[in-house]
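I'm starting a notebook on a structure I haven't looked at before. I'll go piece by piece and jot down what I find.

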Amino acid sequence: MRPWPGHAYPLGATYDGAGTNFALFSEVAEKVELCLFDEDGDEKRVPLTEVDGFVWHGYLPTVEPGQRYGFRVHGPHDPGQGLRCNPHKLLIDPYAKALDGPVKWDEAVFGYQFSDPDTRNDADSAPFVPKSVVVNPFFDWGSDRPPKIPYNESVIYEAHVRGLTIAHPDIPEPLRGTYTGLAHPAMIEHLKNLGVTAVELMPVHEFLNDHHLQEKGLSNYWGYNTVAFLAPHHAYAMGNNRPGNQVQEFKAMVRDLHDAGIEVILDVVYNHTAEGNDMGPTLSMRGIDNHAYYRVVEDDQRYYMDYTGTGNSLNVRNPHTLQLIMDSLRYWVTEMHVDGFRFDLASTLAREFYDVDRLSVFFDLVQQDPVISQAKLIAEPWDVGPGGYQVGNFPPLWTEWNGKYRDTVRDFWRGEPGTLGEFAQRLTGSSDLYQNDGRRPFASINFVTAHDGFTLNDLVSYNEKHNEANGEDNNDGESHNRSWNCGVEGPTDDEAVLELRARQQRNIIATMLISQGVPMLLHGDELGRTQNGNNNVYCQDSEIAWVDWSLAGKNAPLIGFTAGMVALRHAHPVFRRRRFFAGRPIGPRRRADAAAALPDIAWFTPTGEEMTEQDWDSGFGKCVTVFLNGEGIFDVDARGERVVDDSFVIALNAHYEDIDVVLPGSRYGSRWAVVVDTTTGIVTTLATAPGMAAAEPDTVGAGDTFTVTARSLVVFQRTEGP
């Protein structure tokens with residue numbers, strides 16, 4: 001089979017309706033063979049003789065979608081110098097848009113012999129390595145359009161494709177655990193009822209199950225082990241017996257979620273790959289061009305720089321590696337129609353040399369790219385290398401998982417002293433982190449729980465992690481969780497403890513949804529999902545990690561409370577401002593009414609006095625009241641009209657005793673209605689809104705005293721002005 005010359009761009013396998021163009025970058029290669037496999041696994045090798053700019057390419061007019069392929073790269077092999085070419089290893093295309101299955105672990109997939117690691121392993125790895133698949137780019141998107149929901153109106157729901165759907169009783173069994181299952185009407189109905197505007201999917205790029213986990217009967221459930229950055233994970237497809245079908249199913253999922261007004265954000269892992277450290281397998285980039293794709297230790301190039309704790313770090317200093325990342329991002333937006341990305345260990349992408357540099361080339365490229373710059377860009381702003389904790393330091397286009405928000409809210413509600421001042425910063429959008437570089441409150445992605453750590457139920461039920469099921473003697477996972485078990489470790493029948501735990505869960509959900517910034521809920525937290533105290537279920541593809549939908553009936557009040565709080569947020573822009581508070585009157589200066597003279601935010605002690613510096617520094621600092629001025633929003637809507645909302649007072653009591661709170665004086669409002677009380681778990685509304693109970697709320701007058709239950713939160717809505 002003699003290839004036509006073809007083209008050096010685009011990289012990967014590109015079907016044009018008549019044939020397929022193949023292109024592979026390798027600067028170190030001396031010869032590249034394209035390997036085609038039939039249904040029986042028989043291999044045909046086609047040399048790629050055309051080379052332009054270190055891209056080896058050729059066009060085969062007979063190759064159609066469904067064709068399995070891989071590459072063999074001939075070149076220097078000297079691991080001590082970081083050179084690891086070995087033509088006996090079949091290599092996955094870094095630009096593969098689909099793979100046909102998992103790795104079958106065998107010594108042949110490694111570049112060295114187990115009995116003698118210094119000796120090259122020349123066993124053929126082709127029978128054990130997944131094949132790349134040529135895909136059909138056509139898909140009927142119909143009238144699909146990106147929802148383009150503004151950040152400040154977003155509510156994100158972090159979810160795992162398999163874990164969210166695998167046990168859902170209303171999803172047909174063949175669809176559970178798949179992209180199609182996630183887009184099933186039963187799942188979409190739940191998301192719509194909650195009011196979330198985006199699902200943030202844990203890794204769906206093709207990933208591998210680690211050899212050492214499989215040996216222990218476990219698996220890489222989370223998926224932070226990427227092997228192909230343009231391919232949707234094959235195991236989440238219904239028709240995974242049809243090569244490449246996962247692409248069609250993923251697109252259908254996105255289309256259906258968009259039709260429901262829900263955005264799709266992908267958790268992406270561009271900081272490392274599944275090939276691991278120097279003792280890892282040779283599956284793709286290691287055998288294609290090790291120096292180009294990976295950061296090696298300069299004075300001993302056998303080894304890899306590891307800023308991720310997983311064995312290697314991608315070499316973002318190399319233009320071809322940067323191109324791979326940018327091409328992947330662009331592909332997922334333009335071809336797969338996703339709406340944004342959450343970048344795992346994003347600080348690693350900023351390491352041009354050694355230190356973290358937020359102005360590195362990667363961020364410059366994103367800033368200038370007309371496609372990627374318009375997507376939602378969320379950084380996990382840390383890695384495990386020196387100086388890797390970079391919360392608040394990413395460029396203006398970026399939002400960040402706010403780890404300081406998580407820690408502070410946990411500490412406040414478990415009653416830690418001296419947290420009130422920082423808690424106020426986090427509640428109001430973390431201006432100390434994001435205001436000075438021109439960003440807005442929505443730069444802060446506010447979360448208290450995520451996939452990594454305790455669920456919300458476990459956060460209030462366990463003081464210690466219980467990871468014994470992971471097979472590491474409970475040594476894995478974070479030991480300092482800022483959790484509180486409310487008096488009993490783990491399950492209990494004590495009604496007082498259960499009631500307190502339920503209230504603490506409502507406190508945290510309510511706090512997130514009245515905080516400035518973008519709230520992020522963890523899948524199943526609205527159901528009271530538990531992992532039995534396991535805070536590191538990365539290897540648990542089991543009931544430990546899956547969402548238990550049988551809890552939906554038992555914990556229906558918590559689902560209703562969560563939906564009610566989301567609805568309250570959607571209904572009132574004062575909880576989702578686009579600009580930071582100023583703490584002073586911000587209104588039309590010519591208005592004669594008293595509201596014009598009120599600050600946009602004001603803080604009060606439980607006695608109704610405005611907070612002083614001494615109050616903020618108080619060692620007690622467990623209870624505070626805050627006034628949010630709905631007429632002090634210095635902003636306009638999409639049509640240029642000034643945004644005006646109702647005004648609210650929020651009373652927060654993290655003390656273990658009830659506290660009498662005096663409502664602000666009459667200049668702030670003469671009558672207030674109780675619309676949220678985490679003691680009762682009821683969310684009411686003065687206007688019709690989905691998910692909120694229509695009821696006549698209790699009212700309180702200006703200067704009156706209201707008893708705020710121990711460890712609870714109350715939201716008052718103004719019914720009569722000053």
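**Entry 1: around β18**

How many bridges join strand β17 to β18, and do the strands run parallel or antiparallel? I found four bridges between β17 (residues 263-268) and β18, and the strands run parallel. A note to myself before going on: this is a predicted model.

I looked up one pair in detail, and Val-268 has Phe-343 of β18 as its bridge partner. Then I turned to strand β19 (residues 376-379), which is joined to β18 by four bridges and runs parallel to it. Here the bridge partner of Phe-341 is Leu-377 in β19.

Next I checked where the side chains of β18 go. In a regular strand, side chains alternate between the two faces of the sheet. In β18, Gly-340 and Arg-342 point one way, while Phe-341 and Phe-343 point the other way. All four of these residues are buried, and I made a note that Arg-342 is among them.

**Entry 2: nonpolar cores**

Which residues touch the most other members of the largest nonpolar core? My list reads Leu-201, Phe-250, Leu-266, Phe-341, Phe-343 and Phe-362, out of 163 residues in that core. So I've met Phe-341 and Phe-343 again, the two that point the same way from β18. Helix α7 (residues 319-334) gives the most to this core, with eight residues.

I picked Phe-250 for a closer look. Leaving out residues up to four places away in sequence, Phe-250 touches Tyr-179, Val-204, Pro-232, Leu-266, Trp-332, Met-336 and Val-338. Apart from the largest core there is another one, of 19 residues, and its members include Ala-198, Trp-401, Leu-433 and Val-518.

**Entry 3: two open sheets**

I went to the start of the chain for these. Strands of a sheet pair through backbone hydrogen bonds, either parallel or antiparallel.

One open sheet has four strands in the order β1-β2-β6-β5, with antiparallel pairing. Why is one side of β1 and of β5 left without a neighbour in the sheet? Both stand at the edges, each with a single partner strand, so there is nothing in the sheet on the other side. On average, neighbouring strands here are turned by 25° against each other, direction ignored. I also looked at the pairing of β5 (50-52) with β6 (residues 55-60), which is antiparallel over three bridges. Glu-50 stands opposite His-57 in β6.

Another open sheet of four strands has the order β4-β3-β7-β12, again with antiparallel pairing. Its edge strands are β4 and β12 (132-133), and each of them pairs on one side only. I followed β3 (residues 31-37) to both of its neighbours. With β4 (residues 43-47) it pairs over five bridges, and Leu-34 stands opposite Val-46. With β7 (residues 68-74) β3 pairs over seven bridges, and Phe-37 has Arg-68 as its bridge partner.

The hairpin of β3 and β4 has five residues between the strands. Gly-41 in this hairpin takes a positive phi near 90°.

**Entry 4: backbone oddities**

Most residues other than glycine have a negative phi, and most peptide bonds are trans. I went hunting for exceptions.

Which residues does a cis peptide bond join? They are Tyr-9 and Pro-10, with omega about 0°. Pro-10 lies in the segment before β1 (12-15).

Leu-345 isn't a glycine, yet has a positive phi of about 45°. I found Leu-345 in the loop between β18 (340-343) and α8 (361-368). Is Leu-345 buried or exposed? Its relative accessible area is 11%, and since buried means under 20%, Leu-345 is buried.

Asn-474 is another non-glycine residue with a positive phi, near 65°. It is found in the loop between α12 (456-459) and α13 (495-514).

**Entry 5: a helix pair**

Last, I looked at how α3 (residues 185-194) packs with α15 (residues 556-571). Their axes are 8 Å apart, at an angle of about 60°, which makes α3 oblique to α15. From α3, the contact is made by His-190, Asn-193 and Leu-194. On the α15 side I listed Ile-559, Thr-562, Ala-563 and Val-566. By class, this contact has four nonpolar residues, three polar ones and no charged ones.

Key: Residues are numbered from 1 along each chain as its sequence is written. This is a predicted model: local features need pLDDT of at least 70, side-chain atom pairs count only at pLDDT 80 or more; totals for chains, interfaces and linings use all residues. Side-chain values use heavy atoms; hydrogens and water are left out. Axes are lines fitted to C-alpha atoms, for helices over the stretch in contact, and angles run from 0 to 180 degrees between N-to-C directions. Angles under 35 degrees count as roughly parallel, over 145 as roughly antiparallel, 65 to 115 as roughly perpendicular and the rest as oblique. Contact means heavy atoms within 4.5 Å. Ala, Val, Leu, Ile, Met, Phe, Trp, Tyr, Cys and Pro count as nonpolar, Asp, Glu, Lys and Arg as charged, and the others, Gly among them, as polar. A nonpolar core is a set of buried Ala, Val, Leu, Ile, Met, Phe, Trp, Tyr and Cys residues joined through side-chain atoms within 4.5 Å. Buried means under 20% relative accessible area, exposed over 50%, partly exposed in between (1.4 Å probe, protein chains only). Two strands pair if DSSP finds at least two bridges between them.
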